[in-house]
Amino acid sequence: MSKTAEIKLYLDSNTDGLAQSISGLWFDWDSQRDEWKAQALEARDYIFATDTTKTTNNQLPWKNKTTTPKLTQIRDNLHSNYISALFPNDDWLRWDAFNQDSATQEKRDAIEAYMKNKTQISNFRSVASQLLLDYIDYGNCFAEVDFVHETRYDDMLERAVPVYIGPRLKRISPYDIVFDPTAMSFDEAPKITRSLVNIGDLKLMAEQDPDKMYLTDVIAQIEKHRQTMGSYMTEDLEKVQALQTDGFGNYYSYVRSNYVEILQAEGDFHDPDTGELLKNHVITIFDRMFVGQKRHIPNWMGRGYKFHAGWRLRPDNLWAMGPLDNLVGMQYRIDHLENLKSDVFDLIAFPPLKIYGEVEDFDWGPGCEIHLDEDADVQMLVPDTTALNADTQIALLEQKMEEYAGAPRQAMGVRTPGEKTKFEVQQLMNSAGRIFQEKITYFEINLLEPALNAMLEVSRRQMNVPDVVKVMDDDLAVQRFMNITRDDITGQGKIRPIGARHFSAQATMVQDLANLMNGPMAQMIAPHVSRK
């Protein structure tokens, strides 16, 4: 369970060698998860399939090609329940102070108002929705936090004006990040993130983010290199390919595409030859040959800005399993039975014919005439109708899939058979939502909570001008605006998203209160409780 990555650091010189070491580490970790990527692709094919020709069911010889989108329905059901639990209302985060100075009313109001304002403006909920879809589809979701300075040029003012300045949550595709899966935790694991941007995007990043000013020199190196490579003949370039870049047929095509590949390695790195150790570093590689930066991660908390949550955790492996992964075979079975049943229906409605003796040619259909010799005959071959009972098997499979994924029908508001009292209905609904609640609470604690605190930390570190945010005056019930400075949001404590936990606690409290008020205890305490 290693916490460091073994690479050639080349601390004295030879930065190209460092780039090759990071690139080789990416290739090794990425190739080790080929089986996982194949399984994820198969589940994705079933989720978005319109017929069985787009899935592994295309190997079956059935004439009908219908697919029953059960995996899709389970996915949508999980997502709608998860997002409703995370954000049941606008008051879904709290400031939890660790000392007396950080627990004052002014400090709490300033921090909560600032974070609510930034999460609303930066489309935090939309990004969280995308992360939940990754959580369901792949079983793994990854996010990172960045501080951005977005501006636009105003023709009337003849200067750039700010559009959004503050922290932002970003989704990382599970295909674009690799790490050591044997590490104790994702925070401790060395990791490499891959992204493709064009040169114009790099220039925009260098202009908007003070932490990325180093990109100016990197862009000059990239443009000079590509101008030199562009003057070569195609045949010469293909002979000297020393760099295999993902997503392109050859290096010549990559150079002419105007795209730049960025590999960003984070964590602890050790050189086995020299014994050198880089702790808590970030190394950024461009085009797998230029080292853009090599420095300590600037986070005051001593860790990176990337976060991970897994749906079904595996022992000794950080790559988790998704709720749909082991349901793909059942989806295959449902489509198999559905198309088998449909083919049998077709054979019953238009069965094949068995012909004895000499029979003149005829068109088989309503009102046709068949001319037979004396010993000739025409009979229909009626298939065995047992296959028509497939609906029962399909219904059982669908019910099992919902239960296995933690998405039973009563969680969607579908009533189960049998008479029930109001208390029994509420108890069944709470029990049906336990898997929902456990999975979304884990997502909330292990991804949203550290991401929100990283957003607050990066704001404390990079805020250089006061910010104006909207707050609600509880006494007067009116909106007002307040200036927020770096000191206002600096304190010892952490942000806690409480949407999912509040959702569960509220449901339990309502049930307990209803039981209390319907019992004899309510009559005893009624004279002592004000009606107001």
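This section describes the overall fold content, the pocket and cavities, and selected residues of a predicted model.

The chain comprises 532 residues, of which 43% are buried. Its secondary structure amounts to 15 helices and 17 strands. Among contacts with a separation of 6 or more, 70% join residues that are 24 or more positions apart.

The largest pocket encloses about 1000 Å³ of space. Its lining is formed by 43 residues, and those closest to the centre of the pocket are Glu144, Asp146, Lys170, Met205 and Lys212. Two or more lining residues are contributed by each of the strands β3 (140-154), β4 (159-172), β6 (191-198), β7 (259-270), β8 (277-286) and β9 (290-296), and likewise by the helices α6 (199-208) and α13 (434-462). Strand β3 makes the greatest contribution, with 7 residues. By class, the lining of this pocket consists of 17 nonpolar, 10 polar and 16 charged residues.

In addition to the pocket, 2 cavities of 30 Å³ or more were identified in the structure. The largest cavity has a volume of about 40 Å³. Trp36, Gln39, Ala40, Asp137, Tyr138 and Asp325 form the lining of this largest cavity. Helix α2 (residues 34-47) supplies the largest share of that lining, namely 3 residues. The lining of the largest cavity divides into 3 nonpolar, 1 polar and 2 charged residues.

For the second largest cavity, the computed volume is also about 40 Å³. The residues that line the second largest cavity are Thr52, Asn57, Leu60, Trp62, Asn64, Lys65, Asp335 and Asn339. In this second lining, 4 residues are polar, 2 are nonpolar and 2 are charged.

Strand β8, one of the elements that give two or more residues to the lining of the largest pocket, contains His281. His281 is classed as buried because its relative accessibility is 8%, which lies under the 20% limit for that class. A polar atom of the His281 side chain is placed 2.9 Å from the backbone oxygen of Lys279. When neighbours within four places in sequence are set aside, the contacts of His281 are with Ala265, Glu266, Gly267, Phe269, Lys294, Arg295, His296 and Ile297.

Met380 is located in strand β14 (residues 377-380). With a relative accessibility of 47%, Met380 is assigned to the partly exposed class, since a residue must be over 50% to count as exposed. The C-alpha atoms of Met380 and Leu353 are 4.6 Å apart, although the two residues are separated by 27 positions in sequence. Beyond residues up to four places away in sequence, Met380 is in contact with Pro351, Pro352, Leu353 and Trp364.

The cysteine residues were also examined. The number of disulfides in the model is 0, on the criterion that the two sulfur atoms lie within 2.5 Å. Cys141 has a relative accessibility of 0% and is therefore buried. Cys368, by contrast, is partly exposed, at 29% relative accessibility.

Definitions and conventions
Residues numbered from 1 in each chain as written. Predicted model: local features only at pLDDT ≥ 70, side-chain atom pairs only at ≥ 80, totals over all residues. Heavy atoms only, no water. 1 Å grid on protein atoms, 1.4 Å probe; cavity = no way out; pocket = protein on both sides within 12 Å on 5 of 7 lines; lining within 4 Å. Points joined across faces, edges and corners; volume = space filled by probe spheres on them. Helix = DSSP H or I, 4+ residues; strand = E, 2+ residues; numbered from the N terminus. Nonpolar A, V, L, I, M, F, W, Y, C, P; charged D, E, K, R; others polar. Buried < 20%, exposed > 50% of the residue type's maximum accessible area, 1.4 Å probe, protein only. Polar contact = N/O pair within 3.5 Å; in protein donor to acceptor, adjacent residues only side chain to side chain. Contact = heavy atoms within 4.5 Å.
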